2 protein chains.
Amino acid sequence: MPVVHQTQEVRSLLAPARAAGKQIGLVLTMGALHEGHLSLVRAAKLECDYVVATIFVNPTQFDADDDLERYPRNTTADCAQLEQLGVDLIFAPATQEVYPDGFTTTIDPPAVAARLEGKHRPGHFRGVATVVLKFLHMAPADIAYFGNKDYQQTLVVQHMVRDLNLPIQIRCCPTVRDPDGLALSSRNQILSTSQRTQAQVISHSLNHAQQLVSSGERDAKAIKNAMQKILSTHGISRIDYIAIADSKTLEEVAQVEDATIVLIAAYIGQTRLIDNQLLTLC
Amino acid sequence: MPVVHQTQEVRSLLAPARAAGKQIGLVLTMGALHEGHLSLVRAAKLECDYVVATIFVNPTQFDADDDLERYPRNTTADCAQLEQLGVDLIFAPATQEVYPDGFTTTIDPPAVAARLEGKHRPGHFRGVATVVLKFLHMAPADIAYFGNKDYQQTLVVQHMVRDLNLPIQIRCCPTVRDPDGLALSSRNQILSTSQRTQAQVISHSLNHAQQLVSSGERDAKAIKNAMQKILSTHGISRIDYIAIADSKTLEEVAQVEDATIVLIAAYIGQTRLIDNQLLTLC
């Protein structure tokens with residue numbers, strides 16, 4: 001399995017697959033792979049004839065330098081895992097290849113980027129949208145796979161692809177969780193043992209929101225208050241947001257209805273984690 | 001020759017040409033075609049196996065509503081001219097096809113967009129970059145042809161294509177001029193007879209700049225003053241800019257050197273015209 005670092009190499013290796021009419025799948029990652037990423041690769045392998053995975057820790061989507069520095073990296077292990085799953089090509093460019101001197105064009109992301117993560121991480125989605133568009137051009141594919149854990153990010157990409165007429169399909173794959181409910185994230189690696197225990201409360205609070213809805217509660221404020229209480233009881237007090245929103249626009253709602261989603265961003269120590277759950281009414 | 005209005009139709013018609021490995025050329029126009037546009041089509045026909053021309057008056061690149069309303073339109077004659085040149089496909093989408101409800105993603109154009117036209121027409125290059133990127137996605141081609149008359153626009157597109165890794169080549173084709181020197185522009189149609197006579201002074205002033213350089217003048221200020229004098233002598237007083245600049249960055253220079261360009265934007269009545277000339281030192 002080739003591991004290449006230059007855009008020109010990816011294009012050359014993809015050209016015969018394209019010419020042969022093969023369906024090409026693309027999984028974009030920042031490395032430090034976990035089962036969440038691997039589930040995207042498996043989905044791509046099931047549906048496509050040729051699968052490209054990329055590894056690139058994108059500096060422009062980090063709003064704090066220390067977060068970028070602390071972000072885990074493990075390219076050798078990543079490549080071994082991808083090879084085992086039968087990935088056909090790995091593209092792992094250097095920063096200079098993605099952002100050469102003189103680079104100045106960026107994407108002003110779609111409206112849905114302004115809410116939640118966009119409010120708390122200024123510039124984050126500009127960085128995400130720009131790097132995703134660049135990779136969709138560098139490694140042209142038919143289908144790209146994103147995870148539901150980063151729900152708003154997937155929406156931003158879907159809206160960008162629609163607005164800019166990109167000839168690619170975007171798939172949103174289910175969140176993969178540890179048995180105790182914690183959504184897999186590369187950032188989980190940074191947690192201490194006690195923080196790791198504490199972190200599971202995030203998904204428990206989402207489950208509690210669903211339980212409240214299942215027992216008839218519709219008032220968003222009441223649900224958010226209950227979630228906050230659970231979190232603070234377990235020592236999680238630094239919360240960027242708990243939002244109950246329309247799942248298409250991420251506009252916050254006062255009442256839970258069909259297609260309502262609950263989203264959360266909270267800190268465990270210095271580590272910021274996000275998670276979400278679509279609420280079902282019955 | 002098919003004339004289609006939906007993105008899906010263009011993609012379907014292009015697919016067999018792509019699959020057959022044909023080289024596809026793309027000429028983007030706002031219609032009201034003149035020999036400048038046709039020269040782009042001829043260049044595409046010479047180099048490519050399959051040529052697509054688009055006709056779309058893009059509302060987002062007009063900074064004044066009356067300019068958009070006054071912009072000439074003549075789609076029937078445009079299609080006849082394109083057919084005669086052997087264009088293989090015309091794509092003429094409606095505004096709603098290009099900007100459907102909910103459209104919100106735009107391109108923050110490269111640094112070179114901030115100067116000259118960018119300063120005098122706020123939002124213009126955001127509109128241009130966004131619509132060009134959309135069309136490059138809607139009608140994927142190998143080579144796209146732009147005119148040197150809109151020099152800064154071509155630079156903006158080239159830098160965007162480089163920055164966003166678009167898999168397409170951009171060609172910049174020479175400005176086509178009437179025998180008296182006036183650069184062809186769809187806006188020339190709006191000029192009255194006396195305005196048309198006056199308009200030729202714009203290119204004469206550029207020629208004069210070159211003559212000064214050829215006779216040893218290097219001082220940008222002196223050259224600009226001489227041009228302004230010629231223009232005002234002929235009643236052209238509403239000038240957005242006369243700029244002598246580095247031809248790659250459009251940064252203004254004090255001294256003419258290699259790869260220096262002179263650019264002008266001036267009004268003839270209500271009609272704003274632009275032109276430029278690369279200065280040669282000998």
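Tutor: Let us begin with a definition: two strands pair if DSSP finds at least two bridges between them. Helices (H or I, at least four residues) and strands (E, at least two) are themselves DSSP runs, numbered from the N terminus. What you see is a predicted model, where local features need pLDDT of at least 70 and side-chain atom pairs count only at pLDDT 80 or more, while totals for chains, interfaces and linings use all residues. Residues are numbered from 1 along each chain as its sequence is written, and chains are lettered from A and ligands numbered from 1 in the order in which they are written.

Student: Thanks! In what order do the 6 strands of the open sheet of chain B lie?

Tutor: Strands of a sheet pair through backbone hydrogen bonds, either parallel or antiparallel. Here the pairing is parallel. The edges are strand 1 (3-4) and strand 7 (169-173) of chain B, each of which pairs on one side only. Read across, the order is 1-4-3-2-6-7.

Student: Which residue is the bridge partner of Thr54(B) in strand 4 of chain B?

Tutor: Strand 3 (residues 50-55) and strand 4 (residues 89-91) of chain B run parallel, and 3 bridges join them. In strand 4, Thr54(B) is partnered by Phe91(B).

Student: Now the two chains together. What turn lays chain B on chain A?

Tutor: Copies are superposed by least squares on the C-alpha atoms of residues with pLDDT of at least 70 in both. The fit has an RMSD of 0.0 Å, with a shift of 0.0 Å along the axis, after a turn of 180 degrees. That is the relation of a two-fold axis.  The turn you asked for is 180 degrees.

Student: Which residue of chain B comes closest to the rotation axis?

Tutor: The distance is taken at the C-alpha, and it comes to 2.4 Å. The residue is Ile107(B).

Student: Which element of chain B gives the most to the side that touches chain A?

Tutor: Contact means that the C-beta atoms of two residues, placed from the backbone, lie within 7 Å; by that test 25 residues of chain B are in contact with 25 of chain A. Elements giving two or more residues to this side of chain B are helix 1 (7-19), strand 5 (106-108), helix 7 (124-138) and helix 8 (151-163). With 4 residues, the one that gives the most is helix 7.

Student: And which residue of strand 5 of chain B does Thr106(A) stand opposite?

Tutor: Strand 5 (residues 106-108) of chain A and strand 5 of chain B run antiparallel, joined by 3 bridges. Across from Thr106(A) stands Asp108(B).

Student: Let me look at helix 10 of chain B. How far apart are its end C-alpha atoms?

Tutor: The expected span of a helix is 1.5 Å times one less than its number of residues. Helix 10 (residues 220-233) of chain B has 14 residues, so it should span 20 Å. The model agrees, with the ends apart by 20 Å.

Student: Within what arc do the buried residues of helix 10 of chain B fall?

Tutor: A residue is buried if 20 or more other C-beta atoms lie within 10 Å of its own, exposed if 12 or fewer, and partly exposed in between, with C-beta atoms placed from the backbone. The buried ones here are Ala220(B), Ile223(B), Lys224(B), Met227(B) and Leu231(B). Taking the arc of the directions from the helix axis to the C-beta atoms, they line one face of the helix because they fall within 95 degrees.

Student: Which elements of chain B do those buried residues of helix 10 pack against?

Tutor: The other side of the helix carries exposed residues, among them Lys221(B), Asn225(B) and Thr233(B). The buried residues pack against helix 9 (193-214), strand 8 (239-246) and strand 9 (260-268).

Student: Is His208(A) buried, exposed or partly exposed?

Tutor: His208(A) sits in helix 9 of chain A and touches Ala226(A), Met227(A) and Ile230(A), leaving aside residues up to four places away in sequence. With 18 C-beta neighbours inside 10 Å, His208(A) counts as partly exposed.

Student: Last one: which residue takes a positive phi in the hairpin of strand 9 and strand 10 of chain A?

Tutor: Strand 9 and strand 10 (residues 271-279) of chain A pair in the antiparallel sense over 9 bridges. Leu263(A), for instance, has Asn276(A) as its bridge partner in strand 10. The hairpin has 2 residues between the strands, and a phi near 65 degrees belongs to Gly269(A).
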